[in-house]
Amino acid sequence: MTERRTQVLDDLESRGLIAHSTDPDALRASMAAGPITSYVGFDPTAPSLHMGNLLQLLTLRRLQLAGHNPIGLVGGATGLIGDPKETSERVLNPKDVVQEWVEKVRAQVEKFVDFDESLPNPARIVNNYDWTKDLNTLDFLRDIGKHFPVNRMLGREVVKARLEQGISYTEFSYVLLQSLDYLELYRRHNCTLQTGGSDQWGNLTAGVELIRRSEGGKAHALATPLVTKADGTKFGKTESGTVWLDRELTSPYAFYQFWFNTDDRDVMQLVRFYTFRTPEEIAALEQATAERPQAREAQRVLAEDVTTLVHGEEQTRRVQEASRALFGQGELASLDGSTLVAALREAPHVELGAGEPMPTYGDLLVKSGLVASKSAARRTVAEGGGYLNNEKVKDAEYVPGTDDLLPGGVLVLRRGKRSFAGVLASPAQG
Ligand SMILES: N[C@@H](Cc1ccc(O)cc1)C(=O)O
């Protein structure tokens, strides 16, 4: 038991997940003495959490699996204030919108920790609005504000970055609220660890400091590193924008592809950070990537594990079936319509309006961008490289009919082995 409780620190360390830690030896000693309580907070700044948040959710889960008590905090209060960014002042979101997002974010957080009451360490979820909504301004300034030297606050990186262009008192005060959260959870639940991304380091240590000053208590902070990519672009984004956890915003298919398309140079870091694979499994995948990069074994494991964590086994199976079938190795007609439509939306595709006549196969190849011209389309068909729904097409003038429509009212065009495109017919067509 004791071992498992402290081994989580070695596990986090070996995965490269510890960028900063306030007092590693004291934290280890406190974990050895008994289960501790740890929290991580999320602000409802969007209707869904994203890849950066996922790393924090998984860290909380690792701590729970090691026997510690996890608390997920949703920032119903802090979401109304806005954690300052280095770039610019945030626009305040309307209260009712924040409230709506609180519920969505809460539901997402709940998926990553275990609330089973029969566990010795069931998860808890809290909303900081509960202890701030009735907070009296005078008490806040006297009890909390007094512990925050402004000169120290001005020294924080994010504040320094904002001094030229300006920072509102609202955002400047944000750190007091997050610190108050930590203090509140320390008092209520004896919470002595807060984790977060390295961008949160200032907020995390401010809370540790507040607990020390106001209670004489010893609390800890641990920050995970920024996820970086070898090509220097920002992790968690694709051409179509942020990769979200909500399937309405990022389809499970797009989600899977995001992980599957990871560069060989980045894949092992992501396997360490985002999966629960053991050191032995990680070593084997590392070797596989070095010896047979074209097989993309590590990418497949990464995509499969993370998609399963976020969307479940059933969705993962569906997207894998869809990607196989789209590349000609499976039965398209047996796929489920919504997965197929989502997959084709990620690929080059043509949308046909209601009542629009169906173009010929050759014209569809051109419109979808699979070939550059009508003559190239004819050549592709003549050479036997043109497929409709995985069946070879013999005549570029063939006009697909309603019988050809797959679930979801779509057609799948393919040129050769690797390039495919979709035709999405409006419902009136099918
Ligand atoms: N400031 C954190 C969210 C957070 C809010 C309140 C807390 O108590 C903790 C964390 C972020 O922007 O990611």
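**Exercise 1. Work out how the two faces of strand E6 are covered, and which strands pair with E6.**

Step 1. Both faces of E6 are covered, since His 220, Leu 222 and Thr 224 on one side and Ala 221 and Ala 223 on the other are all buried, where buried means under 20% relative accessible area, exposed means over 50%, and partly exposed lies in between, with a 1.4 Å probe and protein chains only. In a regular strand the side chains alternate between the two faces of the sheet. Counted over the strand, five of the five residues of E6 are buried. Helices (H or I, at least four residues) and strands (E, at least two) are DSSP runs, numbered from the N terminus.

Before going on, note that this is a predicted model, in which local features need pLDDT of at least 70 and side-chain atom pairs count only at pLDDT 80 or more, while totals for chains, interfaces and linings use all residues. Residues are numbered from 1 along each chain as its sequence is written, and side-chain values use heavy atoms, with hydrogens and water left out.

Step 2. Two strands pair if DSSP finds at least two bridges between them. Strand E1 (residues 20–21) pairs with E6 in the antiparallel sense over two bridges, and the bridge partner of His 20 in E6 is Ala 223. E5 and strand E6 (residues 220–224) run parallel and are joined by five bridges, with Leu 222 in E6 as the bridge partner of Thr 195.

Step 3. Between E5 and E6 the chain passes through helix H11 (residues 201–215), and this β-α-β crossover is right-handed; that is, with the strands pointing away from the viewer, the path from the first strand over the helix to the second runs clockwise.

**Exercise 2. Decide how far strand E5 is enclosed, and find the bridge partner of Tyr 39 in E5.**

Step 1. Strand E5 (residues 191–197) is largely enclosed by the rest of the structure, because seven of its seven residues are buried.

Step 2. E2 and E5 run parallel and are joined by three bridges, and Gln 194 is the bridge partner of Tyr 39 in E5.

**Exercise 3. Describe the shell of residues around the ligand.**

Step 1. The residues around the ligand, each with a heavy atom within 4 Å of it, are Tyr 39, Gly 41, Asp 43, Leu 73, Thr 78, Asp 83, Asn 128, Tyr 174, Gln 178, Asp 181, Gln 194 and Gln 200. By class, this shell has three nonpolar, six polar and three charged residues. For this sorting, Ala, Val, Leu, Ile, Met, Phe, Trp, Tyr, Cys and Pro count as nonpolar, Asp, Glu, Lys and Arg as charged, and the others, Gly among them, as polar.

Step 2. Strand E2 (37–42) and helix H10 (174–189) each supply at least two residues of the shell, and H10 gives the most, with three residues.

Step 3. A polar side-chain atom of Tyr 39 lies 2.8 Å from an oxygen atom of the ligand. For Tyr 174, a polar side-chain atom lies 2.8 Å from a nitrogen atom of the ligand, and for Gln 200 the distance from a polar side-chain atom to a ligand nitrogen atom is 3.1 Å. The protein covers 88% of the 340 Å² of accessible area that the ligand has on its own, with areas taken from the Shrake-Rupley method.

**Exercise 4. State the strand order of the open five-stranded sheet, and say which strands stand at its edges.**

Step 1. The order is E9-E13-E12-E10-E11, and the pairing is mixed. Strand E9 (349–352) and strand E11 (391–392) stand at the edges, each with a single partner strand, so one side of each is left without a neighbour in the sheet.

Step 2. Strand E12 (residues 410–415) and strand E13 (residues 419–425) pair in the antiparallel sense over six bridges, and Leu 411 stands opposite Val 423 in E13.

**Exercise 5. Place Arg 212 in the structure, and then describe the protein as a whole.**

Step 1. Arg 212 lies in helix H11 and counts as partly exposed, at 47% relative accessibility. Arg 212 and His 147 are 65 residues apart in sequence and 10.0 Å apart in space, C-alpha to C-alpha.

Step 2. The protein has 18 helices and 13 strands, and buried residues make up 49% of its 430 residues. Along its principal axes the C-alpha trace spans about 80 × 50 × 45 Å.

Technical notes
Polar contact = N/O pair within 3.5 Å; in protein donor to acceptor, adjacent residues only side chain to side chain. Areas by Shrake-Rupley, 256 points an atom, 1.4 Å probe, with all protein chains shown as cover.
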